[in-house]
Amino acid sequence: MTELRRQESRGAASRRLPTVADLRAWKGRRQLTMLRYFSLDEAAAAEAAGIDIASVPAEIVLDPRYRAVAPTVFSMTGQTHLEMGTPDDYLRWCGNALNRGADAVYCSGSLKTVEKLSREYFPVVGHVGLVPTRATWTGGFKAVGKTAEAALRLFKEVKAYESAGAFAVEIEVLPAEVADEISKRVEILLWSMGAGAGCDAQYLFANDILGYTEGHVPRHARTYRDFDAEYARLQRERIAAFTEYAADVAGGAFPQDCHLIRMDPRELEKFIDGVDRQ
């Protein structure tokens with residue numbers, strides 16, 4: 001084993017699932033990495049890469065196999081207020097999510113709902129800036145906080161989440177200077193999606209990183225691999241393999257003797273004799 005591999009092995013062995021207290025203690029001391037991913041394969045890759053935090057669809061994080069592949073990734077899940085319903089609906093859903101392996105819950109609902117969850121000791125993550133489910137109130141899918149007045153509203157919103165008991169907020173698509181100044185003045189964690197390095201975590205979607213986003217790729221995203229081209233190559237390979245299989249069947253090249261089970265010739269003779277007697 002090389003020295004690098006020994007160091008990687010020691011690092012993997014020492015890594016553990018962080019708590020909310022750990023994340024809070026790291027504020028201002030290090031930049032955390034955060035992903036939104038969509039499969040167990042991506043979860044396993046995040047674990048191997050040492051990603052700190054993930055936003056995970058419920059059907060993935062609640063899969064019984066999830067913690068086997070991502071045991072040390074702090075994993076948030078949730079539903080939007082458009083899908084969830086009342087604060088009591090949120091409470092029941094979040095209780096089930098935490099019981100089944102989630103570490104925190106995302107809430108796009110009102111501060112009243114956030115406060116209700118936090119009072120029951122649920123680790124709650126809010127959302128400020130460009131919030132897709134509330135984008136009509138901020139003018140659609142575009143940057144927010146570009147004026148002093150708008151930036152002050154964002155600061156007050158972050159403080160309100162802090163007062164309501166949330167331990168973190170996603171802060172999305174606003175000037176980096178604004179996010180930086182807010183972060184200096186609050187204890188709540190800021191998870192940046194297009195809001196600069198002055199926050200506590202950098203947040204990207206796996207599909208943007210891997211190059212398989214359909215449609216618009218946001219300005220704040222960075223593509224590191226071209227999986228779209230790889231998926232296209234794999235599809236061509238699928239078609240080629242199926243075509244070759246069909247041709248082998250038509251030409252008699254499949255199945256071959258190695259694909260078959262053979263009967264003892266004496267048993268075969270008895271079988272044919274029995275059939276002929278019918």
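**Pockets, salt bridges and local geometry of the predicted model**

N99 is an exposed residue, its relative accessible area being 72%. In this predicted model, N99 belongs to helix α7, which runs over residues 87-99. L62 lies 37 residues from N99 along the sequence, yet the two C-alpha atoms are 9.3 Å apart in space.

A contrasting setting is offered by S108, a residue of the loop between β4 (104-107) and α8 (111-119). With a relative accessible area of 1%, S108 is buried, since any value under 20% is classed in that way. Once neighbours within four places in sequence are set aside, the contacts of S108 are with T80, H81, Y90, T133 and R134.

Turning to the open spaces, the largest pocket has a volume of about 1000 Å³. Its lining is made up of 38 residues, of which L130, P132, E172, M193 and H220 are the closest to the pocket centre. Two or more lining residues come from each of α4 (58-61), β3 (74-79), β6 (168-172), β8 (201-205) and α11 (206-210). Among these contributors, β3 gives the most, with 4 residues. In terms of residue class, the lining of the largest pocket holds 17 nonpolar, 12 polar and 9 charged residues.

The second largest pocket encloses about 410 Å³ of space. Here 22 residues form the lining, and those closest to the centre are M34, L35, I51, L204 and I209. The elements that supply two or more residues to this second lining are β1 (32-36), α3 (40-49), β8 and α11. The largest share comes from α3, which provides 5 residues. The lining of the second largest pocket divides into 14 nonpolar, 6 polar and 2 charged residues. For a reader following the two sites side by side, β8 and α11 are worth tracing in the viewer: they appear among the contributors to the largest pocket and among those to the second largest pocket.

Charged pairs come next. Over the whole structure, the search returns 18 salt bridges. One of them joins R65 to D63, with 2.8 Å between the closest N and O atoms. The two partners fall into opposite accessibility classes: R65 is exposed at a relative accessible area of 52%, whereas D63 is buried at 17%. The assignment of R65 follows from the cut-off, because exposed means over 50%.

A further salt bridge links R233 with E230, the closest N and O atoms lying 2.7 Å apart. Both residues sit in helix α12 (residues 227-251), and because they are 3 residues apart there, about one helical turn separates them. R233 is partly exposed at 34% relative accessibility, and E230 is partly exposed with a relative accessible area of 34%. Elsewhere, D257 pairs with R262, again through a salt bridge, and the closest N and O atoms of this pair are 2.7 Å apart. D257 is partly exposed, with a relative accessible area of 49%, while R262 is exposed at 60% relative accessibility. Beyond such pairs, D180, E181, K184 and R185 are connected in a network of salt bridges.

The cysteines give a simple result, as the count of disulfides is 0. Individual cysteines can still be placed by accessibility: C199 is buried at 4%, and C258 is exposed at 64%.

Several points of backbone geometry round off the description. The peptide bond that runs from F254 to P255 is cis, its omega being near 5°. P255 is located in the loop between α12 and α13 (265-277). Positive phi values occur at non-glycine positions as well, one of them being Y121, where phi is about 70°. Y121 lies in the loop between α8 and β5 (124-129) and is exposed, with a relative accessible area of 76%. V173 is another such residue: though not a glycine, V173 has a positive phi of about 55°. The loop between β6 and α10 (176-184) is where V173 is found. Unlike the exposed Y121, V173 counts as buried, because its relative accessible area of 18% is under the 20% cut-off.

How values were computed: Residues are numbered from 1 along each chain as its sequence is written. This is a predicted model: local features need pLDDT of at least 70, side-chain atom pairs count only at pLDDT 80 or more; totals for chains, interfaces and linings use all residues. Side-chain values use heavy atoms; hydrogens and water are left out. On a 1 Å grid over the protein atoms alone, a cavity is a set of points where a 1.4 Å probe fits but cannot get out, and a pocket is an open set with protein on both sides within 12 Å along at least five of seven lines; lining residues have an atom within 4 Å of a point. Grid points are joined across faces, edges and corners, and a volume is the space filled by probe spheres set on the points. Ala, Val, Leu, Ile, Met, Phe, Trp, Tyr, Cys and Pro count as nonpolar, Asp, Glu, Lys and Arg as charged, and the others, Gly among them, as polar. A disulfide is a pair of cysteine sulfur atoms within 2.5 Å. Buried means under 20% relative accessible area, exposed over 50%, partly exposed in between (1.4 Å probe, protein chains only). A salt bridge is a side-chain nitrogen of Lys or Arg within 4 Å of a carboxyl oxygen of Asp or Glu. Contact means heavy atoms within 4.5 Å.
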